[in-house]
Amino acid sequence: MKRIAALVVMLIPGFLAAFGIKLMRDMVFGKLQQPFTHLWLQFLIGFILFILGLGFVAGFILHRDRKRNKVQDRFKRK
C-alpha cells in the first residue's frame, strides 16, 4: 500500500510538469487556452508549473537517496 501511495505522490507533480510543458508549447504555436487572457500569462503559468513539478520530483529523489546514503559528499547533510 505504501508503494501505491508513493506512486500517486510522484504522479501528481509529474502531471503538473507535463501540463506546464503543454501550456508553454501551446504559447510557442500561438494557441491560447481558455482560462488565460494573454499568451505571456499562459507561458508564465506553464513555466511555474513545470519548475514546481520538476523541483518536487527532484527533491523526492534526493531525499530518498540521502536516506540510502547514495549521494556524493557535497549533497550529504552536515
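**Entry 1: Leu49**

I began with Leu49 and found its place in helix α2. The model I am reading is a predicted one. I then looked up which residues touch Leu49, setting aside its neighbours within four places in sequence. Leu49 is in contact with Leu16, Ala17, Phe19, Gly20 and Leu23. I also took a distance from Leu49 to Phe15, which stands 34 residues away along the chain. The C-alpha atoms of Leu49 and Phe15 are separated by 9.5 Å.

**Entry 2: the chain as a whole**

How many helices and strands does the chain have? I noted 2 helices and 0 strands. The radius of gyration is 17 Å, whereas the globule rule gives 12 Å for 78 residues, so I recorded the chain as more spread out than a compact globule. Along the principal axes, the C-alpha atoms fill a box of roughly 45 × 35 × 15 Å.

I next looked up burial and found that buried residues make up 17% of the 78 residues. The accessible surface of the chain comes to about 6500 Å². Carbon and sulfur atoms account for 69% of that surface. For contacts between residues at least 6 apart in sequence, I wrote down that 38% join residues at least 24 apart.

**Entry 3: His38**

I turned to the loop between α1 and α2, where His38 has its place. Why does His38 count as partly exposed? Its relative accessible area is 42%, and the class of partly exposed residues lies between the cut-offs of 20% and 50%. I also checked His38 against Met27, 11 residues apart from it along the chain. The C-alpha atoms of these two residues are separated by 9.3 Å.

**Entry 4: the largest pocket**

I looked up the largest pocket and recorded about 380 Å³ of space in it. Which helices each supply at least two residues of its lining? They are α1, which spans 2–28, and α2, which spans 39–67. The largest share of the lining, 5 residues, comes from α1.

I listed the lining residues in sequence order: Lys2, Arg3, Ala6, Leu7, Met10, Phe60, His63, Arg64, Lys67 and Arg68. Sorted by class, the lining has 5 charged, 4 nonpolar and 1 polar residues.

**Entry 5: Arg66**

I returned to helix α2 for Arg66, which has its place there. Arg66 has 29% relative accessibility and therefore counts as partly exposed. What does Arg66 contact, leaving aside its neighbours within four places in sequence? I found Val71, Phe75 and Arg77. I then took the distance from Arg66 to Lys78, 12 residues apart from it along the chain. The C-alpha atoms of Arg66 and Lys78 are separated by 12 Å.

**Entry 6: Asn69**

My last residue was Asn69, which lies in the segment after α2. Is Asn69 buried or exposed? Asn69 counts as exposed because its relative accessibility is 53%, and the cut-off for that class is over 50%. I also looked up the backbone angle phi of Asn69 and found a value near 60°. I marked this as a positive phi in a residue other than glycine.

How values were computed:
Residues numbered from 1 in each chain as written. Predicted model: local features only at pLDDT ≥ 70, side-chain atom pairs only at ≥ 80, totals over all residues. Heavy atoms only, no water. 1 Å grid on protein atoms, 1.4 Å probe; cavity = no way out; pocket = protein on both sides within 12 Å on 5 of 7 lines; lining within 4 Å. Points joined across faces, edges and corners; volume = space filled by probe spheres on them. Helix = DSSP H or I, 4+ residues; strand = E, 2+ residues; numbered from the N terminus. Nonpolar A, V, L, I, M, F, W, Y, C, P; charged D, E, K, R; others polar. Rg over C-alpha atoms; globule rule 2.2 N^0.38 Å. Buried < 20%, exposed > 50% of the residue type's maximum accessible area, 1.4 Å probe, protein only. Contact = heavy atoms within 4.5 Å. Areas by Shrake-Rupley, 256 points an atom, 1.4 Å probe, with all protein chains shown as cover.
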